[in-house]
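Hi,

Here is the structure I promised to pass on to you. Have a look at it first, and then read on for what turned up in it.

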Amino acid sequence: MDEKRSPHSIHQIFTAICFLLFFAISGSFLYCFSVEDPKPGTLKTIRIDSDTELRFRWCPRGTFQMGSPLDEKDRDAEEIPHRVTFTAGFWILETEITQKIYQAIMNDNPSQFRGASHPVDSVSWEEANRFVQKIKDRLSKTSEGEFALPTEAQWEYACRAGSAAPWSGDLKDIAWFGENRDTGSTHPVGTKNANAWGIFDMHGNLWEWTADYYYDYKPDPVINPRGPIRSDSGVRIDRGGCWDSTPDYCRSAHRGVYEPDRKSPFVGFRIVLNPLPHKL
């Protein structure tokens with residue numbers, strides 16, 4: 001005949017189970033935060049086909065001052081400085097989407113200025129998002145993350161790469177800008193110097209779409225900010241200036257706006273890859 005377990009024995013078993021569960025859960029929790037992030041600017045490549053690849057650079061979690069200092073030359077009043085914190089890093093394409101990449105995904109090339117290594121231009125915000133969806137469908141099983149247009153905050157963080165100056169380097173060395181509108185054009189990507197995180201053409205060459213609607217900054221600190229879900233104006237933010245822009249339009253903090261269905265030979269885009277947990 002089985003012996004009855006005493007309340008003391010049951011309590012011991014319950015305590016042991018709780019003890020084991022605590023260590024299992026806390027071990028997983030500590031693992032999440034013990035995974036070492038890549039170094040800023042670390043390269044990640046994802047192959048589209050045998051002849052085409054995506055090259056991303058790592059932007060680490062951290063905090064920066066978004067907007068422009070009150071004494072920055074040629075600043076706009078809307079560039080209200082505020083502290084932005086990213087609790088997780090992300091990958092950003094090291095160049096604008098080239099015509100070669102766009103053709104490989106969309107089987108189309110709408111660009112006015114042709115060249116496989118030139119950035120794709122004349123793409124609306126809506127078409128840029130269709131590109132993102134197609135690349136998700138094609139590469140989601142191997143990408144270990146979520147493709148997207150960068151938020152405005154992600155874009156500026158990647159552009160600055162730790163710099164608080166108006167530009168992330170000497171503008172003439174890092175940007176195609178200031179050309180005559182009637183005779184100028186885009187240029188092959190990655191032919192000027194990169195910023196401190198290995199990212200090219202964040203200033204000049206083409207304006208770049210971001211994910212966000214236009215919205216007014218506030219001076220309060222924010223964490224992982226995104227633009228509003230809807231907007232009365234309906235316009236989207238683009239950044240960086242282009243091949244015919246003056247230096248003030250190429251500043252890291254400058255904000256451009258465009259209607260999402262508008263196509264222009266002055267506007268292109270790049271994408272980000274927001275990693276899944278444990279998939280850095």
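Glu72 and Arg251 form a salt bridge, with 2.7 Å between the closest N and O atoms. Glu72 sits in the loop between β3 (62-66) and β4 (82-86), while Arg251 sits in the loop between β9 (236-239) and β10 (256-258), so this pair ties together parts that are 179 residues apart in sequence. In total the count comes to 19 salt bridges. Do keep in mind that this is a predicted model.

Now to the sheets. Which strands make up the five-stranded one, and in what order? The order is β1-β2-β5-β12-β6, in an open sheet with antiparallel pairing. Its edge strands are β1 (43-49) and β6 (145-148), each of which pairs on one side only. From one strand to the next, the twist averages 30 degrees.

The β1 end of this sheet is a good place to zoom in. A hairpin of 2 residues joins β1 to β2, and the two strands pair in the antiparallel sense over 6 bridges. If you want to follow the register, Asp49 stands opposite Thr52 in β2, and Ile46 has Leu54 in β2 as its bridge partner.

Two helices lie across this sheet. Helix α2 lies across β1 and β2, and runs at about 115 degrees to β2. Helix α4 (residues 152-160) lies across β2, β5 (90-93) and β12 (272-275), at about 75 degrees to β5.

There is also an open sheet of 3 strands, in the order β3-β4-β8, and here the pairing is mixed. The edge strands are β3 and β8 (222-223), each pairing on one side only. Helix α4 packs on this sheet too, touching β3 and β4, and its direction makes about 95 degrees with that of β3. That puts α4 in contact with strands of both sheets described here. Between β4 and β8 the pairing is parallel, over 2 bridges, and Thr85 stands opposite Ile223 in β8.

On to the empty spaces. The second largest pocket has a volume of about 260 Å³. It is lined by 16 residues, and the closest to its centre are Arg55, Thr95, Thr98, Ile101 and Val189. Which elements give two or more residues to this lining? They are β2 (52-59) and α2 (99-106), with β2 supplying the largest share, 4 residues. You will remember these two from above, where α2 lies across β1 and β2. By class, the lining of this pocket divides into 6 nonpolar, 5 polar and 5 charged residues.

How many cavities of 30 Å³ or more does a search of the whole structure find? The search finds 1, and the largest cavity has a volume of about 40 Å³. Its lining is made up of Ser168, Ile174, Asn193, Ala194, Asn195, Ile199, Phe200, Asp201, Met202 and His203. These divide into 5 nonpolar, 4 polar and 1 charged residues.

If you open the model with a few views in mind, I would suggest the salt bridge between Glu72 and Arg251, the hairpin from β1 to β2, and helix α4 where it packs on β3 and β4.

Happy browsing, and all the best!

Methods
Residues are numbered from 1 along each chain as its sequence is written. This is a predicted model: local features need pLDDT of at least 70, side-chain atom pairs count only at pLDDT 80 or more; totals for chains, interfaces and linings use all residues. Side-chain values use heavy atoms; hydrogens and water are left out. On a 1 Å grid over the protein atoms alone, a cavity is a set of points where a 1.4 Å probe fits but cannot get out, and a pocket is an open set with protein on both sides within 12 Å along at least five of seven lines; lining residues have an atom within 4 Å of a point. Grid points are joined across faces, edges and corners, and a volume is the space filled by probe spheres set on the points. Ala, Val, Leu, Ile, Met, Phe, Trp, Tyr, Cys and Pro count as nonpolar, Asp, Glu, Lys and Arg as charged, and the others, Gly among them, as polar. Two strands pair if DSSP finds at least two bridges between them. Axes are lines fitted to C-alpha atoms, for helices over the stretch in contact, and angles run from 0 to 180 degrees between N-to-C directions. Contact means heavy atoms within 4.5 Å. A salt bridge is a side-chain nitrogen of Lys or Arg within 4 Å of a carboxyl oxygen of Asp or Glu.
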